[in-house]
Amino acid sequence: MTEQAGGDPLFQSQDPIFNRKELLHVGHVPEEDRIVGRDDEIQSVAAEIGAITRGDPPNNVMIYGKTGTGKSLISRHVATRARDAAEDNEIDCDVLYVDCSEANTETRATRQLALSLADQTSYDDHIPVRGVGTMEYYQHIWSILEEFFDSVIVILDEIDKLDNSNILMQLSRAREARKTDTYIGVIGISNKVQYRETLDERIDSSFGHRELFFHPYDAAQLREIMRNREDAFQPDVLEDGTIELCAALAAKKHGDARKAIEILKEAGELARRTTSEAVSERHIKQAQEVAEINRIEELTSGATVHAKLALYALASCIVTGDRETYKTREIYERYADICELVATDPITENGLYRQLKEQAFLGVIESEKTGGGRSQGSYLLHRLVTDPKHIVKAVRRDDSLGELPPYDKLTDTDGSTRGRVDLSTFS
Ligand SMILES: Nc1ncnc2c1ncn2[C@@H]1O[C@H](COP(=O)(O)OP(=O)(O)OP(=O)(O)O)[C@@H](O)[C@H]1O
Ligand SMILES: [Mg+2]
């Protein structure tokens, strides 16, 4: 329904394109009936934590998946439903959510847990916000749990951003260590599949958890997700085929629901800015271009210098060469040249291989194993999933890299030039 602002006609003119634009906002959390295309994932998460609804201990679970695959949404959704179902069975249950990209130290995370537990109960001990350490926060957490709850689900979102993972051990050992009798189930979420490797063995074994992988959405699922929010637009404003096109483009690039919705919104904004009466395929295509540059920038903003140089090297190979795919070794050679030119110590080839794998997981590149024939063994071939110029633009934004060498100054070991590029395309 369109919200009308009071009686002042100045604010009553209807938006010609949007009806309920908030449905397309980045932070918007869809209502239950607007979550689509994730039934299996919902079932899997429910299977891990569902025991609490019967008064039994839940499993810990780690959810991995690329950005925009519904990890945060589905975790909160299932946890809340589990809590409601537990309460129907007269089990006192709570759901706690910590965004570890903000609460990125153990002290911050435990403080947030303690404060939100206190907030939801009549706990009357004062919890200081400053000047106390992690141990004191844990004490409050155990006391509140013991006094008020039979079970609790703790969602640690973006868990890889935590500076140490001791909290996992504390939470999973709390019963065993007789801190509390409350059952604690942890849902950890990360878009870095290597996260587990970084866990201390001690923590890994005490946290003993299941792992779930959320895959990118396909075109049909993205279509369904966007169809379910069509009422963000005025009736008949979306031309036939626009949602289908948007879904197809997003599925081909990344399968990220958040980005797909953003493209739809951006297309609406474009239509409005150009005073068009409808959102057409042309608007979707333009919006997609803008979104793609933003996406690569976001994805690479957290990458290491070496990952960025590796991407730069791959972009360079593609632009100056005659192929779309390159071996790790070939990228490494170009990368090493670039390192020399920018006076940076290169990492090893194996190190670079790991950085490329990380980028493949994030969806900036695609890596494919290829059999190299009987005597050659198999090797990985990497390609960019996006236009090299987007990569170059994004990498050049990183000031710490200083002045990156232009591609046409790079020469092969035999002294020949490695092809020329039109540098104007990269400025
Ligand atoms: N199955 C779905 N149905 C409806 N909307 C969805 C669905 N999945 C994702 N969305 C929309 O996309 C947004 C992003 O999803 P979510 O925050 O769960 O992604 P994520 O996997 O946690 O990504 P990140 O790794 O970037 O945190 C949601 O807020 C929601 O608006
Ligand atoms: Mg998330």
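**Exercise 1. Find what share of the protein chain counts as buried in this predicted model, and describe the chain as a whole.**

Step 1. Start with burial: 49% of the 427 residues of the protein chain count as buried.

Step 2. Next, look at the secondary structure. The chain holds 15 helices and eight strands.

Step 3. Now take the dimensions. Along its principal axes, the C-alpha trace spans about 75 × 65 × 45 Å.

Step 4. Finish with the division into domains. Domain 1 covers 38-214, domain 2 covers 226-300 and domain 3 covers 303-426. Between the C-alpha centres of domain 1 and domain 2 there are 35 Å.

**Exercise 2. Work out which parts of the protein chain supply the shell around ligand 1.**

Step 1. Count the neighbours: ligand 1 is surrounded by 22 residues, and the closest are Val36, Thr67, Lys71, Ser72 and Tyr217.

Step 2. Sort the shell by class. You should find eight nonpolar, seven polar and seven charged residues.

Step 3. Trace the shell back to the domains. Domain 1 (38-214) and domain 2 (226-300) each give at least three residues to it.

Step 4. Do likewise for the helices. At least two shell residues come from helix 2 (71-88), and at least two from helix 10 (257-273).

**Exercise 3. Identify polar atoms of the protein that lie within 3.5 Å of a nitrogen atom of ligand 1, and say how much of the ligand is covered.**

Step 1. Begin with the backbone: a polar backbone atom of valine 36 is 2.7 Å from a nitrogen atom of ligand 1.

Step 2. Move on to the side chains. Tyrosine 217 places a polar side-chain atom 2.6 Å from a ligand nitrogen, and for arginine 229 the corresponding distance is 2.9 Å.

Step 3. Turn to the covered area. On its own, ligand 1 has 630 Å² of accessible area, and the protein covers 93% of that.

**Exercise 4. Compare the UniProt annotation with the model, and locate threonine 69.**

Step 1. Read the binding-site record. An unreviewed UniProt entry places the feature "binding site" at Thr69, Gly70, Lys71, Ser72, Leu73, Tyr217 and Arg229. Of these, Lys71, Ser72 and Tyr217 are also listed among the closest residues to ligand 1.

Step 2. Read the domain record. UniProt, again in an unreviewed entry, puts "domain: AAA+ ATPase" at residues 57-218. Over that stretch the chain is 41% helix and 21% strand, with its end C-alpha atoms 35 Å apart.

Step 3. Place threonine 69: this residue sits in the loop between strand 1 (60-65) and helix 2.

Step 4. Decide whether threonine 69 is buried or exposed. Its relative accessible area is 0%, so threonine 69 is buried.

**Exercise 5. Decide whether leucine 168 and threonine 386 are buried or exposed, and describe their surroundings.**

Step 1. Recall the cut-off: buried means under 20% relative accessible area.

Step 2. Apply the cut-off to leucine 168, a residue of helix 5 (residues 166-173). Leucine 168 is buried because its relative accessible area is 0%.

Step 3. Relate leucine 168 to threonine 107. The two residues are 61 residues apart along the chain, and their C-alpha atoms are separated by 13 Å.

Step 4. Turn to threonine 386, in the loop between strand 8 (378-384) and helix 15 (388-396). With 6% relative accessibility, threonine 386 also counts as buried.

Step 5. Look for a side-chain partner. Threonine 386 and histidine 390 are joined through their side chains by a polar contact of 3.0 Å.

Notes:
Residues numbered from 1 in each chain as written. Chains lettered and ligands numbered in written order. Predicted model: local features only at pLDDT ≥ 70, side-chain atom pairs only at ≥ 80, totals over all residues. Heavy atoms only, no water. Domains from an automatic or database assignment. Near = heavy atom within 4 Å. Polar contact = N/O pair within 3.5 Å; in protein donor to acceptor, adjacent residues only side chain to side chain. Areas by Shrake-Rupley, 256 points an atom, 1.4 Å probe, with all protein chains shown as cover. Helix = DSSP H or I, 4+ residues; strand = E, 2+ residues; numbered from the N terminus. Nonpolar A, V, L, I, M, F, W, Y, C, P; charged D, E, K, R; others polar. UniProt positions renumbered as here; feature names shortened; annotations may be inferred. Buried < 20%, exposed > 50% of the residue type's maximum accessible area, 1.4 Å probe, protein only.
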